[in-house]
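Colleague: I am new to reading models like this one. Could you take me through the words you use and show me how each one is earned?

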Amino acid sequence: QVQLVESGGGLVQAGGSLRLSCAASGRTFSSYAMGWFRQAPGKEREFVGGINRSGSSTYYASSVKDRFTISRDNAKSTVFLQMNSLKPEDTAVYYCGASLTIPNLPNYWGRGTQVTVSS
């Protein structure tokens, strides 16, 4: 089992940047593919992007591609989501997930961190 804690959310103006972190504890972090998800008010949770166990491959939703970057530091058991050129429609609670298979099918979830982008 793994425990996940997100941090780094906040309020930012449109066009700005934020970097989210997701710290893991428990079972070996490098055993998990990692994903980032978000849920806006009144909407379903959606996959933002993911990274494989080694960090050699990343995947992004079309809505964030070229603006968001996912990376991981297995030595520090942490995955990151760098968000640039933020838009009001990026406002959501952002969650990280740990998967024993593929990034968009997590077995474990964090509790989320709020990101609000003002226009």
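Modeller: Happily! Let's begin with the salt bridge: a side-chain nitrogen of Lys or Arg within 4 Å of a carboxyl oxygen of Asp or Glu. Please keep in mind that this is a predicted model, where local features need pLDDT of at least 70 and side-chain atom pairs count only at pLDDT 80 or more, while totals for chains, interfaces and linings use all residues. Residues are numbered from 1 along each chain as its sequence is written, and side-chain values use heavy atoms, with hydrogens and water left out.

Colleague: What makes R38 and D90 a salt bridge?

Modeller: Their closest N and O atoms are 2.8 Å apart. Since the limit is 4 Å, the name applies. Side chains of opposite charge can pair when their charged atoms come close.

Colleague: Which parts of the chain does that pair tie together?

Modeller: R38 lies in strand 4 (residues 33–39) and D90 in the loop between strand 8 (78–83) and strand 9, so the pair ties together parts that are 52 residues apart in sequence. Strands here are DSSP runs of E with at least two residues, numbered from the N terminus.

Colleague: Why is D90 called buried?

Modeller: Buried means under 20% relative accessible area, exposed means over 50%, and partly exposed is in between (1.4 Å probe, protein chains only). D90 has 1%, so D90 is buried. R38, at 6%, counts as buried too.

Colleague: Which other salt bridges involve R38 or D90?

Modeller: R38 also meets E46, at 2.6 Å from N to O. E46 has a relative accessible area of 35%, so E46 is partly exposed. D90 also forms a salt bridge with R67, where the closest N and O atoms are 2.8 Å apart. That pair links the loop between strand 8 and strand 9 with the loop between strand 6 (58–60) and strand 7, 23 residues apart. Through shared partners, R38, E46, R67 and D90 join into one network.

Colleague: Now the rings. Why is the pair of Y95 and W109 called edge-to-face?

Modeller: Rings of Phe, Tyr and Trp (its six-membered ring) pair if their centres lie within 6.5 Å; planes under 30 degrees apart count as stacked, over 60 as edge-to-face and the rest as tilted. Y95 and W109 are 6.4 Å centre to centre with 85° between the planes, so both tests are met. Y95 is in strand 9 and W109 in strand 10 (residues 108–109), 14 residues apart. Y95 is buried at 12%, whereas W109, at 38%, is partly exposed. Ring pairs link F37, F47, Y95 and W109 into a cluster.

Colleague: How do you know that R45 sits over the ring of W109?

Modeller: The rule asks for NZ of Lys or CZ of Arg within 6 Å of the ring centre and within 35 degrees of the ring normal. The charged end of R45 is 4.4 Å from the centre of the W109 ring. R45 also lies over the face of Y95, at 3.7 Å from the ring centre.

Colleague: Last one: how do you know that strand 9 and strand 11 pair?

Modeller: Two strands pair if DSSP finds at least two bridges between them. Strand 9 (residues 92–99) and strand 11 have three, in the antiparallel sense, so the rule is satisfied. Within strand 11, V115 stands opposite A92. Strand 11 also pairs with strand 2 (residues 10–13), in the parallel sense over four bridges.
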